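Below are a few points on the model you asked me to look through. They cover one strand and its partner, one helix, and one patch on the surface.

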Amino acid sequence: MTDLSKYRNIGIFAHVDAGKTTTTERILKLTGKIHKLGEVHDGAATTDFMEQEQERGITIQSAATTCFWKDHRFNIIDTPGHVDFTIEVYRSLKVLDGGIGVFCGSGGVEPQSETNWRYANESGVARVIYINKLDRMGADFYRVTKQVEKVLGARPVVMTLPIGIEDDFVGVIDLMTMKAWVWDSTGDPLAYEIIDIPAEYQEKAEEYREMMIETAVEQDDDLMGSYLDGEIPSVEELKRCIRKGTINLDFFPTFCGSAFKNKGVQLVLDGVVDYLPSPTEVKPQPEVDMEGNETGKFAVVAIDKPLRALAFKIMDDRFGALTFIRIYSGTLNKGDSILNTFTGKTERVGRLVEMHADERIELSSAQAGDIIALVGLKNTQTGHTLCDPKKPATLEPMVFPDPVISIAIAPKDKAGAEKMGIAIGKMVQEDPSFRVETDEDSGETIIKGMGELHLDIKVDILKRTHGVDVVVGKPQVAYRETITQRTEDSYTHKKQSGGSGQFAKIDYVIEPCEPGEGFTFESKVTGGNVPREFWPAVEKGFKTSMVRGVLAGFPCLDFKVTLMDGSFHAVDSSAIAYEIAAKAAYRQSMPKAGPQMLEPIMKVDVFTPDDHVGDVIGDLNRRRGMIQGQESGVTGVRIKATCPLSEMFGYIGDLRTMTSGRGQFSMEFEHYAACPKNVADAVIKEVEEREKSK
């Protein structure tokens, strides 16, 4: 069996365009996994193997690959940077032990890097930082490290310093060994020499080495004492302390270089080996019961424990469905039967494969710490736990955000209808943030996602990968409804039709809750006027009704129902009668409780060159945006704002026009807020017209 201390399960994540995929390519080249480098801008990167990725030059789905460096095994996941695909980052972080956060030397800490950083903090993933693209115009290593402190609230420990900058960037200074690595101009990653630090950098190197040592010895009181007495710790002692602090998330070792020019990547790989945890050094995954409550047990990473694995990604390729899993404990062999605790069914493992982007290597067995794919599992979906049938357990599942935008799609011809159904079924399995439903009245297929680009790519995949041509409707916003006033009311449900009838009377109060509280139900009935066994039926009646609001049929949020009193009939009262009464009470009382439309408000981050700031701010104000602040950088200004999603359709085109193609923006859902009356009226009118035309 392999030595788990030599495993590193790592992800590479950053803002779109900071150079994650290029960094992955360099790692694969240096570790001997590939022999010819592929470039993102040529559409030839190994891990960007989807057509859509190659065309757009962005990563859409996380790709997994395995390679070796200094007898350590790296399982690497290259994640997307675009905000619409954040879900891919989130679910990759869930199964990783460490990560490399890549930042652009000129762009610095960009919006998506903040989101990914927040996710990594929540998942407790240790990271090293790689400040990339130091060969670019406007690159400034020291400015970006300050931004990491200020914007991310993280503590970087500088491990390498750049020699030269922009066009003059030639190499890096390793503060651990106090040597300079200098590359020649051929672009060969192996064409470097290790020399003494150039005289003009000596002082700065000593200053930063001292800072590094001071931070490191904080992890060990004895070392701290001897350091204060003037004794310099050895390289081994320093590495041990930095490793401890990194795994505890106290600080983040920070490296620099240019992946595109092949400079500085070796030191990052050494940093992964030296400072990031092996599977046995991270907190074990908590096990939960079927209701999602923690049981107090943990899936300890060990080969001799029962099998525990988490399916974190489903991918459909030309050979069938692939289920990517991370094995937390135990071993898995070809031909084993495994239990899916979510479905309660066992499945037989036909084939195990190790993935290298879209190539696969057959395996006969895998063990704790491995990230592999299983071929041909039928009922397993993202977030399901696979385990030993004799010793079942469930791992903490993944939570996915609700979609904020939807569009109606229809196949261009009858023949495409069945094909579209099968294709969409596969796509929903692959991406948990992509949802599909059928409108009961019109029979339309509605697809829902995290943003315009997200749905745009899905339609593109339908067209190219699955060969289904579809007609696309205009985007619809996921509005919600709520109430603003407290109302007391009463409803009696009576039905007599020969034999036993139905009877239920309820007196109740409906009142608004704080935003985000959802639906709550309470009963204050005393003296058995409404018997206790019927209370859940009343709650169910209200709960099932809230999916359709009274204004325009959007789901209703944040209200409380209190059952005050009522009466019952010894023969005619039943759970179903009380449920019907509650549903009718909802329809009767909600219009009296000051119903109000809510719209999704997005957190928007816009980058614009200096000379277009006024135009961009003016345009955001016209879109009912609220400017939260702005930060000046070397190459332009970042404007942070909140803006209703309904006003942001097609924004990228307008922004590019305003900024001569140089503006960029990203947005993510923040909260729901009340709609202005004119907007609400327009939405209600549009819904009514749609209903009439059906």
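1. Buried here means under 20% relative accessible area, and exposed means over 50%. The model is predicted. With that cut-off, strand 33 (residues 519–523) shows two distinct faces: F519, F521 and S523 point to one and are buried, while T520 and E522 point to the other and are not buried. In a regular strand the side chains alternate between the two faces of the sheet.

2. The partner of strand 33 is strand 34 (residues 559–567), and the two pair in the parallel sense over 5 bridges. S523, one of the buried residues of strand 33, stands opposite L563 in strand 34.

3. Helix 12 (residues 535–545) belongs with these two strands: strand 33, helix 12 and strand 34 make a β-α-β unit, and the unit is left-handed. Please look at this handedness when you go through the model.

4. Helix 14 (residues 613–622) has V613, V616, I617, D619 and L620 as its buried residues. Seen down the axis of helix 14, these fall within an arc of 160°, so they line one face of the helix. An α-helix has 3.6 residues a turn, so residues three or four places apart point the same way. G614 and R622 are exposed, on the other side of helix 14.

5. At the surface, L190, Y192 and I194 make a nonpolar patch of about 290 Å². L190 sits in the loop between strand 9 (179–183) and strand 10 (192–195). Its relative accessible area is 60%, so L190 counts as exposed.

How values were computed. Residues numbered from 1 in each chain as written. Predicted model: local features only at pLDDT ≥ 70, side-chain atom pairs only at ≥ 80, totals over all residues. Heavy atoms only, no water. Patch = residues over 30% accessible without salt bridge, like charges linked within 9 Å, V, L, I, M, F, W, Y side chains within 5 Å. Areas by Shrake-Rupley, 256 points an atom, 1.4 Å probe, with all protein chains shown as cover. Salt bridge = Lys/Arg side-chain N within 4 Å of Asp/Glu carboxyl O. Helix = DSSP H or I, 4+ residues; strand = E, 2+ residues; numbered from the N terminus. Buried < 20%, exposed > 50% of the residue type's maximum accessible area, 1.4 Å probe, protein only. Pairing = 2+ DSSP bridges. Right-handed = clockwise from strand over helix to strand, strands pointing away. Arc of directions from axis to C-beta.
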